[in-house]
Amino acid sequence: MEWITDRRIGSQTGVLFIIATVMFDIILIGLILTQPIGLITFIAGLLAIFTLPLIALIAFQLRGLSRSGYMLDRNALTIFWGPIKQIVPTAAIQRIMLGSEVAGQIKFRGWRWPGLMVGQGEVPAAGLTLFYASVPLTEQLIVITPSLSYAISPTDVAGFIESIKARYELGPTQELEQTSVRPPIFDAPLWRDRLMYGLETAGFVLCAALFAYVCVRYASLPQKLPLHYTAAGVIDRYGTPAQSFILPLIGLLALVGNSVLGLWLYGREKMAAYVLWGGMIFVQVLLWVGSINLLKL
């Protein structure tokens with residue numbers, strides 16, 4: 001038997017979040033286009049970039065909510081949430097607690113907005129709990145097993161409880177393992193690699209700081225910017241102030257290119273990925289040296 005979730009409030013709220021973020025981006029872009037290039041335009045551009053992964057993450061949660069539900073038979077309760085599936089054998093279920101019975105604050109980590117609560121937390125009397133719900137905690141059901149608990153939100157709470165009791169009394173027809181099924185990328189060792197995070201963060205900071213440096217210096221640059229000198233130190237090529245962004249743009253291309261290629265190589269040859277990410281930092285340092293020499297007027 002399949003039990004659905006109430007997706008309306010969560011979906012509407014998530015869409016409103018995306019619309020609000022896009023409107024915020026439009027304001028930032030307007031600021032960038034109308035203000036003189038400087039630190040303010042750099043900060044606006046950086047904020048606009050940071051909103052892109054936020055929009056992607058909200059969209060991912062909306063996709064999970066749109067494909068959410070619970071399947072119940074004599075052998076197991078199966079929780080569906082997007083690409084994730086939690087299999088809970090009926091024989092492992094010790095009891096079901098109403099969310100309204102939870103006393104005190106829970107320690108929750110994950111995504112939470114009106115109509116959506118996905119993540120994990122410590123719940124009094126239930127222990128470590130995985131949340132796959134579309135209603136507030138007080139309206140959820142908490143399915144408790146010896147090792148883990150699950151917070152869910154079927155639309156027909158009373159009917160669900162009666163159904164699971166009936167199937168529990170009938171007993172299972174086969175033994176199933178309590179497990180989580182999700183795309184392999186979720187459990188990739190890459191996400192636990194501190195060296196990867198360190199190299200990527202260093203590359204990003206160096207690249208962003210170079211853009212900030214050029215933005216701050218931009219207003220003081222001459223209309224004819226020296227771009228090249230002869231061996232005798234004589235200027236033989238000029239450019240416009242806008243060309244001062246060529247080196248930071250090269251750094252951005254190196255950051256994106258090496259990052260993507262490194263991620264692709266990581267599962268095949270980890271050391272090659274590290275070399276790419278380390279080379280990305282080396283490129284950023286060289287571009288810093290070039291930009292400082294170019295703009296030391």
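**View 1. Helix α4 passes helix α6 in a left-handed crossing.** This close-up comes from a predicted model. Two packed helices are described by the angle between their axes and the distance between the axes. Here, look for helix α4 at residues 194-218 and helix α6 at residues 270-295. Their axes come within 9 Å, and the crossing angle is roughly 15°. Angles under 35 degrees count as roughly parallel, so α4 is roughly parallel to α6. What kinds of residues make up the contact of α4 with α6? Sorting them gives 19 nonpolar residues, four polar ones and two charged ones.

**View 2. Helices α4 and α5 pack at an angle of about 165°.** Stay with α4 and now find helix α5, which covers residues 246-266. The axes of this pair are 9 Å apart. Are α4 and α5 roughly parallel or roughly antiparallel to each other? Angles over 145 degrees count as roughly antiparallel, and therefore that is the description for α4 and α5. As for handedness, α4 and α5 make a left-handed crossing.

**View 3. Helix α2 passes α4 in a right-handed crossing.** Helix α2 spans residues 39-66. The axes of α2 and α4 cross at roughly 150° and come within 8 Å. With the cut-off for roughly antiparallel set at over 145 degrees, α2 and α4 are therefore roughly antiparallel to each other.

**View 4. A nonpolar patch lies on the surface.** Which residues form this patch? You can pick them out one by one: Phe-24, Leu-39, Ile-43, Leu-47, Ile-49, Phe-50, Phe-204, Val-205 and Val-216. Together they have about 780 Å² of accessible area. Two helices from the earlier views turn up again here, as α2 and α4 each supply at least two residues of the patch. Which helix gives the most to the patch? That is α2, with five residues.

**View 5. Val-205 is found in helix α4.** This last close-up picks out a single residue of the nonpolar patch, Val-205. Its helix, α4, is the one to trace back through the other views: α4 crosses α6 at roughly 15°, packs with α5 at about 165° and crosses α2 at roughly 150°.

Key:
Residues numbered from 1 in each chain as written. Predicted model: local features only at pLDDT ≥ 70, side-chain atom pairs only at ≥ 80, totals over all residues. Heavy atoms only, no water. Axes fitted to C-alpha atoms, helices over the stretch in contact; angles between N-to-C directions. Helix = DSSP H or I, 4+ residues; strand = E, 2+ residues; numbered from the N terminus. Parallel < 35°, antiparallel > 145°, perpendicular 65-115°, else oblique. Left-handed = near helix turned anticlockwise from the far one by under 90°. Nonpolar A, V, L, I, M, F, W, Y, C, P; charged D, E, K, R; others polar. Patch = residues over 30% accessible without salt bridge, like charges linked within 9 Å, V, L, I, M, F, W, Y side chains within 5 Å. Areas by Shrake-Rupley, 256 points an atom, 1.4 Å probe, with all protein chains shown as cover. Salt bridge = Lys/Arg side-chain N within 4 Å of Asp/Glu carboxyl O.
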